[in-house]
Amino acid sequence: MRPVYFAAARRTPIGKLHGSLSNVRPDDLAATVLRGLLADVQALDPARIDDVYWGAANQFGEDNRNVARMSVLLAGLPDTVPGATFNRLCGSGMEAVIIAARTIAADEADVVVAGGSDSMSRAPTNPSCERSIPTTHASAGDSPNPRMADLHGVLSMGETAEDVATRHGIPRDQQDTFALRSHQRAAAHRAGAFDAELLPVERADGVTVTADECIRENTSPQRLASLKPVFRADGTVTAGNASPMNDGAAALLLVSEQALADLDLDTAEINEAFAAQALACLQDLRIDPDQVNPDGGAIALGHPLGCPGSADRFRSRQIFVRAFSHASPDSSPAVGSPHLLRPGTNTSWRRRESRSRSTVAMV
């Protein structure tokens, strides 16, 4: 199995239902993020992309007919670049990333783009969509096999959340506390911290969308507690402790070690657990040490275990690093912590002209 690296990551702002991105088609959202992602890695010839794996949960309406391939063409990539769309519902984008990583690890590809997109505002199965159709089980848009109700039940995701809360004994106040913390953390990072990953979306009417719409800076325990349950009269799931319906797209560039070495980028960042480890990684990746950590690294700044590279630089992308890092008997010891990331390079590339940072991590 070959090591796999995340070389770049971009996403659109996340729009609320019928919000700023509601007049943008889901395939156009996907095309926008594909173009933006590749613009960050100018050393990569788009013709080198072996495949584009894309997650989409609706796939009924404007994102039908293999939205991955449609988005590749809409983005202006060479028509030799293929695309495949995957549906694991809420896990569709993650599934696309997993399959991309497996493909490279199995030596079947060197460069793969993976991501996902959906527009709940424009989904035909959304009853509030102007192009919607009825969402009864008998409709063309939502027609599970009638036998499923008897075999396993046909619950909405909100009802499923109620079942999970009951089964695991998770009370309402605990759910509200978790939701409040999520908003507080997102609000704290909103002022510039997401700039490196956000890709502005220009709408057909000339308006440019630059910010996430659903972060509630002013929410409070009292406000959350005042909300009524949505799915069951005596339930605990509310609009405040559940995720909203949204529009958006995100993409990651995954590459093999050889492809990574071919990307002649300007500077890199690597977590400095030990100088010996950092230098060994740079030697393996053929990176000039003078190009690394222009603002200093963990040897100088500190190294909280379990937070390799520091949370302010890697944030959510560290989730991918932890999820996919694996051990190799031929690799140098870990970078982040000897047990959490083994082995990982925790390297992020950035171009001097943009100063934008994106994670490159061995998976």
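Helices here are DSSP runs of H or I with at least four residues, strands are runs of E with at least two, and the numbering goes from the N terminus. Keep in mind throughout that this is a predicted model.

**View 1. The whole protein, before zooming in.** We start with 363 residues, 46% of which count as buried. The secondary structure adds up to twelve helices and eleven strands. Among contacts with a separation of 6 or more, 74% link residues 24 or more positions apart. The accessible surface is about 18,200 Å², and carbon and sulfur atoms own 54% of that.

**View 2. Asp107, in the loop after helix H3.** Look between helix H3 (92-105) and strand E5 (111-119) and you'll find Asp107 in the connecting loop. Asp107 isn't a glycine, yet its phi is positive, about 65°. This residue comes just after H3. Asp107 counts as exposed because its relative accessible area is 53%, and the cut-off for exposed is over 50%.

**View 3. Helix H3 itself, mostly under cover.** H3 runs for 14 residues and spans 20 Å from first C-alpha to last, close to the 20 Å expected at 1.5 Å a residue. Ten of the 14 residues are buried, so "mostly covered" is a fair label under the cut-off of under 20% relative accessible area. The buried residues of H3 include Ser92, Glu95, Thr103 and a string of nonpolar ones, among them Val97, Ile99 and Ile104. Ala105, at the end of the helix range, is buried too.

**View 4. The largest nonpolar core.** This one holds 43 residues, and those touching the most other members are Leu44, Ile49, Val52, Trp54, Val113, Leu253 and Val255. Quite a few elements chip in at least two residues each: strand E1 (4-11), H1, strand E3 (51-55), helix H2 (67-74), E5, strand E8 (246-256), helix H8 (257-262) and helix H9 (275-285). H1 is the top contributor, with seven residues. As background, nonpolar side chains tend to be buried together in soluble globular proteins.

**View 5. Closing in on Val52, and a look at the second core.** Set aside the neighbours within four places in sequence, and Val52 is in contact with Leu34, Ala68, Val72, Val81, Pro82, Gly83, Ala84 and Val113. There's also a second, separate core of 17 residues, with Phe6, Tyr53, Val97 and Ala109 among its members. Val97 is one of the buried residues of H3 from View 3.

**View 6. His18, another positive phi.** His18 sits in the loop that runs from strand E2 (15-16) to helix H1 (26-39). Its phi is near 60°, a positive value in a residue other than glycine. His18 is partly exposed, because its relative accessible area is 41% and that class lies between 20% and 50%.

**View 7. A nonpolar patch on the surface.** Met148, Leu151 and Val154 together make a nonpolar surface patch of about 230 Å². Met148 belongs to helix H4 (residues 147-151). With 34% relative accessibility, Met148 counts as partly exposed.

**View 8. Gln222 and Asp176, a pair from separate stretches of chain.** Gln222 is part of helix H7 (residues 221-226). Its relative accessible area is 59%, so Gln222 counts as exposed. The C-alpha atoms of Gln222 and Asp176 are 9.7 Å apart, while 46 residues separate the two along the chain.

Methods: Residues are numbered from 1 along each chain as its sequence is written. This is a predicted model: local features need pLDDT of at least 70, side-chain atom pairs count only at pLDDT 80 or more; totals for chains, interfaces and linings use all residues. Side-chain values use heavy atoms; hydrogens and water are left out. Buried means under 20% relative accessible area, exposed over 50%, partly exposed in between (1.4 Å probe, protein chains only). Contact means heavy atoms within 4.5 Å. Accessible areas come from the Shrake-Rupley method with a 1.4 Å probe; for residues, only the protein chains shown count as cover. Patches are made of residues with over 30% relative accessible area and no salt bridge: like charges are joined within 9 Å, nonpolar side chains (Val, Leu, Ile, Met, Phe, Trp, Tyr) within 5 Å. A salt bridge is a side-chain nitrogen of Lys or Arg within 4 Å of a carboxyl oxygen of Asp or Glu. A nonpolar core is a set of buried Ala, Val, Leu, Ile, Met, Phe, Trp, Tyr and Cys residues joined through side-chain atoms within 4.5 Å. The expected span of a helix is 1.5 Å times one less than its number of residues.
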